[in-house]
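Thanks for coming. I have one structure to show and a few local features to go through.

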Amino acid sequence: SMLRARTGHDFSSYKQPTVLRRIARRVQVHELEAINEYVDFLRSHPEEVEALLADLLITVTDFFRDKEVFDALQQNVVPKLFKGKTSADQVRVWVVGCATGEEAYSIAMLLREHADQLTDPPALQVFATDINEQAIATARAGRYSEAMTADVSPERLRQFFVKEGRFYHVKKELREMVLFAPHNVTRDPPFSRIDLVSCRNLLIYLNRDMQERILEIFHFALHREGFLCLGTSESAEGAATLFSVFDKKWRVYKNRQPSLQQPTFLILPAQGKWQVRFPEPPPVQRVRDSSFGELHFKLIELHGPPSVLVNEEGDIVHLSEHAGRYLRMAGGEPTHNL
């Protein structure tokens, strides 16, 4: 609770043994006797909260980590991402839990190499996300030591990096392909219309309920022909209604098209600030004389979060009291369309 209140990150869905091992490490670092003493220590040393968060955020990544997985992606998946697409289209990849960026840049290299073979390639966009903002800052800088780039081939080093003393800096053309952003997949809205989701060595730290929830999120984020790549320790075979096996050995899955019975919307996990339990809604009645403001008030009167009421065209017809702080006018002619 203290960690969630002070950092905004909720670890209640992580596997308890993993969390306890990390807490035990901090207990030993400060030579304390028991976890209760550590709770008191956290209260009296606010800076320790960030140290605990850093220990809980496991950052283990390399360029082309598990080379065979990247070989499988390059040969069997990447060509399918480009199938039927031209310069009017886009290939979109989401790397979840990107840490310091090596995996995201590795996938970007595969995409760039394939696009360079085509006469009319689509635009390329890699979204790379993590809850560790320090790791995201390192990824954006794109500067890595010789040891960290040891698994990058000499050809790729020449094509995609600039040597700076004992460091290699990712070239601007490749960095501009990758959008790094802080994002918590257990809580924040997902990206959409994604061709490939890569989420390796993240699900193993979460409990089964959250694993299932995140697989639903990936299914929602991917378009109908999209792919999901998991780590060799993880599997989506328990979500057979959402994904079919594409490469069993390297844990690559293909998105299943939703049936008519499956919902096409996504309910996000309620792990953020707003812990609201709404009552069962009454039967829908056609709005006649009542104002939009009155209708909006009725919908949010039970302590709902800031919200916006829009019509079927997406035009804003009413705002809750504090919703305006999340909106700003775009450049050009003003519009009420959300």
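Helices and strands here are DSSP runs, at least four residues for a helix and at least two for a strand, numbered from the N terminus. On those terms, Ile131 lies in the loop between β2, residues 123-130, and α7, residues 133-141. Please keep in mind that this is a predicted model.

I will stay with that loop residue for a moment. Is Ile131 buried or exposed? The cut-off for buried is under 20% relative accessible area. Ile131 has 15%, so it counts as buried. What does Ile131 touch, leaving aside its neighbours within four places in sequence? Its contacts are His9, Tyr14, Leu57, His183 and Asn184. There is also a C-alpha separation to give: 8.5 Å between Ile131 and Ala181, which are 50 residues apart along the chain.

Next, a helix pair. Two packed helices are described by the angle between their axes and the distance between the axes. For α3, residues 35-44, and α4, residues 47-56, the axes come within 6 Å and cross at roughly 120°. That makes α3 oblique to α4. On the α3 side, the contact is made by Tyr38, Phe41 and Leu42; on the α4 side, by Glu48, Val49 and Leu52. Sorted by type, the residues of this contact are 5 nonpolar, 1 charged and no polar.

Now the sheet. Strands of a sheet pair through backbone hydrogen bonds, either parallel or antiparallel. This one is an open sheet of 3 strands in the order β3-β5-β4, and the pairing is antiparallel. Which strands stand at the edges? They are β3, residues 143-145, and β4, residues 161-164. Each has a single partner strand, so one side of each is left without a neighbour in the sheet. Direction ignored, neighbouring strands of this sheet are turned by 30° against each other on average. The pairing of β3 with β5, residues 167-170, runs over 3 bridges in the antiparallel sense. Tyr144 stands opposite Tyr168 in β5.

Last, helix α10, residues 208-221. At 1.5 Å a residue, its 14 residues should span 20 Å, and the end C-alpha atoms are 20 Å apart, so the two agree. Which residues of α10 are buried? They are Met210, Gln211, Arg213, Ile214, Leu215, Ile217, Phe218, His219 and Ala221. The cover over these buried residues includes the strands β1 (90-96), β7 (194-199), β8 (222-230), β9 (243-247) and β10 (252-255).

That is the end of my list.

Technical notes. Residues are numbered from 1 along each chain as its sequence is written. This is a predicted model: local features need pLDDT of at least 70, side-chain atom pairs count only at pLDDT 80 or more; totals for chains, interfaces and linings use all residues. Side-chain values use heavy atoms; hydrogens and water are left out. Axes are lines fitted to C-alpha atoms, for helices over the stretch in contact, and angles run from 0 to 180 degrees between N-to-C directions. Angles under 35 degrees count as roughly parallel, over 145 as roughly antiparallel, 65 to 115 as roughly perpendicular and the rest as oblique. Contact means heavy atoms within 4.5 Å. Ala, Val, Leu, Ile, Met, Phe, Trp, Tyr, Cys and Pro count as nonpolar, Asp, Glu, Lys and Arg as charged, and the others, Gly among them, as polar. Two strands pair if DSSP finds at least two bridges between them. Buried means under 20% relative accessible area, exposed over 50%, partly exposed in between (1.4 Å probe, protein chains only). The expected span of a helix is 1.5 Å times one less than its number of residues.
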